Amino acid sequence: YLMKMKKYPRAELLELRRLPPLLKELEERVKAQGGGLVNFYKAIFQGLDTQKQEELKKEIKRDEIEHIFQEVYAGVDYCQKIYQRQPTFYRGEGRINNEKILLDKDLLNNSKFRYGILTGRTKGETQVALERLGIKEVIDPGAIVCDDGNLLNKPEPDGLIKLTEYLGTKAGIYCGDL
């Protein structure tokens, strides 16, 4: 709405809801660019001149946007568990419920291997994912490296080095994205 108020300065608040980009269009634009907060900013600045972009930047409260994204992801079912707070902006079902489980947990339970997890997700998000997969007890908590703000982003090897040191191995197999 802040972006639309810059784009359509004479529009009434109720009218803004119907003016482009619609929420679904904005969601698709962000998704097409790879998702995330950085691409959200790119999407809302698209079509605004430099002056309006600067005005909008001053009005945006990053922590509120992060809270909204977290609440939409976790929903009412998981917001408290993941982020240790009740939702204040969004009280619907979370996008987490749309995630498809791709792992057959029986492959891990009967394995001779030790596993570690390197993820850009927060500790709370990771714990909920492990619970939903039914493998929380299979993964040693020390072998989980989450986004705590202290590691460099992938593809930097910091997280993998930390995991191999913890697991006491010099070789490993990495499965996942970069």
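Helix H2, residues 13-16, has the lowest mean pLDDT among the elements of the protein chain, at 77, while strand S2, residues 144-145, has the highest, at 93. The model before us is a predicted one, and these values should be heard in that light. For the protein chain, the average pLDDT is 87, and 98% of the residues score at least 70.

Let me turn to helix H4, which spans residues 36-45. Is H4 largely enclosed by the rest of the structure, or not, and what covers its buried residues? Of its 10 residues, 7 are buried, so H4 is largely enclosed by the rest of the structure. The cut-off applied here is under 20% relative accessible area. The buried residues are Leu37, Asn39, Phe40, Tyr41, Ala43, Ile44 and Phe45. Their cover includes four helices: H1 (2-7), H3 (23-32), H5 (50-59) and H6. Just after H4, the chain reaches Gly47, whose phi is positive, at about 90°.

One of those covering helices, H3, deserves a closer look. At what angle do H3 and H4 pack? The angle is about 125°, and the axes lie 9 Å apart. The two helices are therefore oblique to each other. H3 passes H4 in a crossing that is right-handed. On the H3 side, the residues involved are Leu26, Arg29 and Val30; on the H4 side, they meet Gly36, Asn39, Phe40, Ala43 and Ile44. Sorted by class, this contact comprises 5 nonpolar, 2 polar and 1 charged residues. Asn39, Phe40, Ala43 and Ile44 thus appear in the contact with H3 and also among the buried residues of H4.

The second pairing concerns H6, residues 62-83, which is also part of the cover over H4. Its partner in this case is H8, residues 123-133. The axes of H6 and H8 come within 9 Å and cross at roughly 115°. That angle makes H6 roughly perpendicular to H8. Which hand does the crossing of H6 and H8 have, left or right? The crossing is right-handed.

Which residues of H6 and H8 meet? From H6 come Tyr73, Tyr78, Lys81, Ile82 and Tyr83, and from H8 come Gly124, Glu125, Val128, Glu131 and Arg132. The residues of this contact divide into 5 nonpolar, 1 polar and 4 charged.

To close, I return to H4: the helix is largely enclosed, with 7 of its 10 residues buried, and both H3 and H6 are included in what covers those buried residues.

Conventions
Residues are numbered from 1 along each chain as its sequence is written. This is a predicted model: local features need pLDDT of at least 70, side-chain atom pairs count only at pLDDT 80 or more; totals for chains, interfaces and linings use all residues. Side-chain values use heavy atoms; hydrogens and water are left out. Axes are lines fitted to C-alpha atoms, for helices over the stretch in contact, and angles run from 0 to 180 degrees between N-to-C directions. Angles under 35 degrees count as roughly parallel, over 145 as roughly antiparallel, 65 to 115 as roughly perpendicular and the rest as oblique. A crossing is left-handed if the near helix is turned anticlockwise from the far one by less than a right angle, and right-handed if clockwise. Contact means heavy atoms within 4.5 Å. Ala, Val, Leu, Ile, Met, Phe, Trp, Tyr, Cys and Pro count as nonpolar, Asp, Glu, Lys and Arg as charged, and the others, Gly among them, as polar. pLDDT is the predictor's confidence in each residue, from 0 to 100. Buried means under 20% relative accessible area, exposed over 50%, partly exposed in between (1.4 Å probe, protein chains only).
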